[in-house]
Amino acid sequence: MGKFVLIILATFVAILNASPLKHSQIRQEENLDWWQNAVVYQIYPRSFRDSNNDGVGDLRGIIEKIDHLIDLEVDAIWLSPIYKSPMIDNGYDISDYRTIDEVFGNMDDFMELLDKYHKAGIKVLLDFVPNHTSDQHEWFNKSVSKEPGYEDYYIWAAPKLNENGTRSPPNNWLSVFDNSAWTWNEQRQEYYFHQFYSAQPDLNFRNAKVQQELKDVMAYWLDMGVDGFRIDAVPHIYEDAELKDEPVNPDSGLNPTDYNYLNHIYTKDQNETFSLVYDWRAFMDNYTKANGGDTRIFMTECASDLDKILYYYGNGEKLGAHFSFNFNLLGLDVNSTSKDINDKIDPWFDRKFNNYTKNWLTGNHDNPRAASRMGPNHVDAYNMLITILGGVTVTYMGEEIGQENGELTPEEMTDARNLERTPFQWDTTVNAGFNDGATPWLPVSKKYLETNLADQKNKTISHYKNYKQLVQLKKDLVNYSSLGYGYDEIGNVFVVSRTNGRSQYYRYIFNIGREGYEIKLGSSSLFVQSVNVSYSPGDTLVLQPGDSIILKA
Ligand code: NOJ
């Protein structure tokens with residue numbers, strides 16, 4: 001054992017020399033509403049299960065695979081968009097908010113899905129994309145042709161005319177996907193604004209009719225029986241009404257067409273956006289009140305600074321999102337240290353968040369897979385971490401088996417995010433059980449023979465078995481309302497402890513360093529261990545680099 005080996009005693013003492021466990025009393029976790037301690041499982045429908053063997057996953061595939069969700073005991077599934085769409089952004093470009101795209105199935109399939117999942121006690125959350133539509137949406141066509149009532153459904157602006165007679169966009173705003181956020185429309189002889197692709201024109205929320213249209217869409221799906229929404233791209237909903245130029249980010253060193261070249265003070269997190277979110281909360285709460293049943297919820301997608309995230313939760317007076325995604329852990333990678341983990345989670349334990357339900361996630365369809373980003377031998381450690389921290393756990397499909405990014409040719413990389421969107425690896429049959437052999441829209445990862453659900457179900461210890469154990473832990477953690485965490489000064493070990501009033505505890509220990517780390521079990525026992533931990537009965541356990549455990553005493 002190297003000189004950095006530390007010895008900890010599995011009693012509740014400050015075990016880490018330089019940084020004793022920092023305590024943060026978390027909310028009394030009694031009388032929680034259904035979503036406050038939930039596991040939300042994100043399904044990217046195109047890649048989950050292709051029931052009709054046309055290469056694209058579908059709703060009947062999600063129905064077929066219900067046993068997996070029942071088996072995992074998730075509380076809710078969130079479906080990435082399933083609506084009619086030209087699929088320029090895989091469904092985040094909606095051309096009809098009330099219709100299911102035929103590639104995914106039809107309304108009967110959806111109603112059956114809803115019914116079956118509800119009967120199994122699993123809530124169904126839909127993706128709601130209010131910021132923009134597809135340029136194929138009838139509202140956009142009507143707006144292009146200035147059909148009365150639709151003129152201002154989108155954000156239109158006259159060009160800037162240059163001295164040499166050419167025109168340019170009205171200001172310097174950039175699209176999240178780079179280059180100008182303005183596209184010229186020949187017919188209307190004006191530019192329209194788009195935060196994302198040019199095929200995704202931004203709706204104009206300063207138009208009361210637009211606000212009402214989108215509320216009607218929410219009501220439409222709530223009336224169908226859905227339990228709530230994940231709301232897309234929330235910080236981008238409003239922009240400065242005067243279209244002021246944004247300042248350049250000093251020293252960014254980036255190309256002027258790169259989104260981050262500008263400091264987005266006029267196109268992100270505007271005050272009206274917060275008000276809109278509070279209004280949506282009131283609308284959802286009223287809906288639940290008027291219709292009875294369990295609380296309808298919504299979670300906001302906000303890649304914003306934490307002070308802004310806080311405002312999406314509420315402003316002290318008014319409530320906003322039930323929770324606003326916490327993307328902090330997406331910043332961790334294979335080189336991260338225990339201090340890095342600490343620095344990502346610490347701000348969320350600021351008292352400002354005390355009244356709000358926290359949430360933790362390590363991946364989604366927009367970011368390299370957790371197993372690839374943080375290292376395949378850290379899969380269990382991160383699944384344990386996002387569980388032990390309490391609140392909502394969001395799991396991107398495949399994280400329960402440690403699925404990694406796929407391998408794609410340059411032609412298949414039509415979108416850099418395709419890497420994390422390759423089909424779910426069910427088993428060792430053709431196309432990993434995604435379908436019956438048709439060419440999938442993205443190729444199945446070659447790693448499916450080593451990493452697949454069927455195999456992990458058969459093993460005594462696997463990521464999947466650990467994940468199931470963690471879902472059980474989650475249910476018990478509500479009785480352990482005190483939380484502490486800390487790291488050692490050389491960045492090797494991260495510890496989270498949950499205790500109850502009777503000094504019983506669960507303790508998470510993750511060796512993210514390069515040396516073995518010895519633990520005396522004392523009165524504690526192993527509740528869950530990462531797949532590589534080697535332990536033979538006795539009082540001592542050495543966590544090798546990458547290993548993690550949760551002890552119970
Ligand atoms: C965020 C979604 O997660 C992403 O996939 C999409 O491209 C953008 N919003 C635009 O809708």
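In this predicted model, the ligand occupies the largest pocket. The shell of residues that surrounds the ligand comprises Asp89, Tyr92, His132, Phe177, Phe196, Arg230, Asp232, Glu301, His365, Asp366, Arg417 and Arg421. By residue class, this shell around the ligand divides into 7 charged, 3 nonpolar and 2 polar members.

Several side chains of the shell make polar contacts with oxygen atoms of the ligand, among them those of Asp89, Arg230 and His365. For Asp89, the separation between a side-chain N or O atom and a ligand oxygen is 2.5 Å, while for His365 the corresponding distance from a side-chain N or O atom to an oxygen atom of the ligand is 2.8 Å. In the case of Arg230, a polar atom of the side chain is found 3.0 Å from an oxygen atom of the ligand. The ligand taken alone would expose 300 Å², and 97% of that area is buried by the protein.

Apart from the ligand site, the model contains an open sheet of 8 strands, which are arranged in the order 15-14-13-7-4-3-17-16 and pair in the parallel sense. The edges of this sheet are formed by strand 15, covering residues 323–324, and by strand 16, covering residues 359–361, each of which pairs on one side only. In general, the strands of a sheet pair through backbone hydrogen bonds, in either a parallel or an antiparallel manner. Within the sheet, strand 3 (residues 39–43) and strand 4 (residues 76–79) are joined in parallel over 4 bridges, and Tyr41 stands opposite Ile77 of strand 4.

Methods:
Residues numbered from 1 in each chain as written. Predicted model: local features only at pLDDT ≥ 70, side-chain atom pairs only at ≥ 80, totals over all residues. Heavy atoms only, no water. Near = heavy atom within 4 Å. Polar contact = N/O pair within 3.5 Å; in protein donor to acceptor, adjacent residues only side chain to side chain. Areas by Shrake-Rupley, 256 points an atom, 1.4 Å probe, with all protein chains shown as cover. 1 Å grid on protein atoms, 1.4 Å probe; cavity = no way out; pocket = protein on both sides within 12 Å on 5 of 7 lines; lining within 4 Å. Sits in = over half its atoms within 2 Å of the grid points. Nonpolar A, V, L, I, M, F, W, Y, C, P; charged D, E, K, R; others polar. Pairing = 2+ DSSP bridges. Helix = DSSP H or I, 4+ residues; strand = E, 2+ residues; numbered from the N terminus.
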